[in-house]
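Student: I am new to this and would like to learn how to read a protein model. Could you walk me through it?

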Amino acid sequence: MKLLQLTAQITLCLLFTSNRATATCPQVVSRADWDARAPVSSQTIPSLPVPYVVIHHTYLPGFCNTSQACEAAMRSMQNYHQNTQKWTDIGYNFCIGGTGQVYEGRGWDIVGTHAPNYNNRSIGICFIGDFRAELPTLEMLATAKSLIECGVERNSTSPDYKLLGHSQVRSTECPGTALLNEIKTWPHWDSLNKTNT
Ligand SMILES: *[C@@H]1O[C@H](CO)[C@@H](O)[C@H](O)[C@H]1NC(C)=O
Ligand SMILES: *[C@@H]1O[C@H](CO)[C@@H](O)[C@H](O)[C@H]1NC(C)=O
Ligand SMILES: *[C@@H]1O[C@H](CO)[C@@H](O)[C@H](O)[C@H]1NC(C)=O
Ligand SMILES: *[C@@H]1O[C@H](CO)[C@@H](O)[C@H](O)[C@H]1NC(C)=O
Ligand SMILES: [Zn+2]
C-alpha cells in the first residue's frame with residue numbers, strides 16, 4: 001500500500017514537473033506547516049554547492065509516526081535550540097519523521113547549527129528518533145536518499161559530496177550505531193574520522 005502510494009507520488013511528480021532537476025525531490029513540510037517560530041537571525045551558506053552531508057538522529061525527541069507528533073517534535077526541538085541552546089533557529093537543515101515525511105528546518109540555503117566546523121559547508125539532516133540500536137523505517141531511509149539526491153539536482157550539494165555521520169566529525173553517539181552502519185553502505189559515504197585528530 002505504502003509502496004503504491006509512493007509510486008503514485010513519484011509518477012505525479014514526473015507528470016507535472018517539466019524540469020527534470022526536481023524530479024526526485026521529496027515533498028517537504030514547510031516551516032509554516034509545522035508552525036515554526038521565526039529564526040532570530042540567519043546566515044546564507046557562503047559557497048554553494050556544499051561538499052558535505054551530515055546525518056544525525058535526534059535521540060530526543062523520540063520516534064514519531066504521525067504528522068501531529070512529528071510537527072510537535074519539530075516545535076520542541078526548535079524551542080530547545082532557541083531557548084536553551086541560544087541558537088538562532090532549529091539546528092538542522094531538514095528532519096525526517098517516521099512516515100518518511102521531510103520537515104523543513106533551515107532549508108537548503110541557510111547555515112545550520114549541527115556540526116561544528118561543518119555547518120557552513122554541509123547540509124545537516126536529522127532522523128527523528130533514537131537509532132543507536134534500531135534502524136529508521138524504510139520510508140525514512142528512502143526519503144533521506146531522495147532528499148540527498150535532490151540537493152545535488154538543485155545544485156545545493158556537490159555531485160562529489162561526502163556523506164558523514166555526526167560522530168565522524170565530533171565525539172558523540174549521534175547518529176547512533178545502527179544508523180551509522182546503515183549510511184556506511186550508501187553512495188558517497190566517506191570514512192573520514194576527524195575525532196581521531
Ligand atoms: C508509532 O509509534 C509509536 C511510538 O513509538 C508505536 O507505539 C506505534 O506502534 C507506531 N505505529 C506505527 C503504525 O508504526
Ligand atoms: C566557515 O566557517 C569557518 C569557521 O568555523 C571559517 O573559518 C570559514 O572561512 C567559513 N567558510 C566559508 C566558506 O565561509
Ligand atoms: C544546476 O547546474 C547545472 C550546471 O551548471 C545547470 O545546468 C542546471 O540548470 C542547474 N540546476 C538548477 C536546478 O539550478
Ligand atoms: C573515530 O576514531 C575514534 C578514535 O579512534 C573512535 O573512538 C571513534 O569510534 C571513531 N568514530 C567513528 C565514527 O568511526
Ligand atoms: Zn548529531
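Tutor: Gladly! Let's start with a term: a residue counts as buried when its relative accessible area is under 20%. Keep in mind that this is a predicted model. Here Cys174 has a relative accessible area of 7%, so Cys174 is buried. His56, at 1%, is buried too.

Student: Which protein atoms are the donors of the zinc ion (ligand 5)?

Tutor: They are ND1 of His56, ND1 of His166 and SG of Cys174, at 2.0 to 2.2 Å from the ion. Along the chain, these donors follow the spacing H-x109-H-x7-C. His56 belongs to strand E2, while Cys174 sits in the loop between strand E6 and helix H5, so this pair ties together parts 118 residues apart in sequence.

Student: And how do I find empty space?

Tutor: One rolls a probe the size of a water molecule over the atoms, and this shows where empty space is left. In this model, the second largest pocket has a volume of about 490 Å³. It is lined by 23 residues, and those closest to its centre are Thr58, His81, Gln85, Trp87 and Tyr92. Helix H3 gives the largest share of the lining, 3 residues.

Student: How many residues of that pocket's lining are nonpolar, polar and charged?

Tutor: The lining has 10 nonpolar, 11 polar and 2 charged residues.

Student: What about aromatic rings?

Tutor: The whole structure holds 3 aromatic pairs. In one of them, Phe127 and Phe131 have ring centres 6.4 Å apart and planes at 75°, so the pair is edge-to-face. Both Phe127 and Phe131 are buried.

Terms used:
Residues are numbered from 1 along each chain as its sequence is written. Chains are lettered from A and ligands numbered from 1 in the order in which they are written. This is a predicted model: local features need pLDDT of at least 70, side-chain atom pairs count only at pLDDT 80 or more; totals for chains, interfaces and linings use all residues. Side-chain values use heavy atoms; hydrogens and water are left out. Rings of Phe, Tyr and Trp (its six-membered ring) pair if their centres lie within 6.5 Å; planes under 30 degrees apart count as stacked, over 60 as edge-to-face and the rest as tilted. Buried means under 20% relative accessible area, exposed over 50%, partly exposed in between (1.4 Å probe, protein chains only). On a 1 Å grid over the protein atoms alone, a cavity is a set of points where a 1.4 Å probe fits but cannot get out, and a pocket is an open set with protein on both sides within 12 Å along at least five of seven lines; lining residues have an atom within 4 Å of a point. Grid points are joined across faces, edges and corners, and a volume is the space filled by probe spheres set on the points. Helices (H or I, at least four residues) and strands (E, at least two) are DSSP runs, numbered from the N terminus. Ala, Val, Leu, Ile, Met, Phe, Trp, Tyr, Cys and Pro count as nonpolar, Asp, Glu, Lys and Arg as charged, and the others, Gly among them, as polar. Donors are N, O and S atoms within 2.8 Å of the metal (3.2 Å for Na, K and Ca); water is not among the atoms, so sites may look incomplete.
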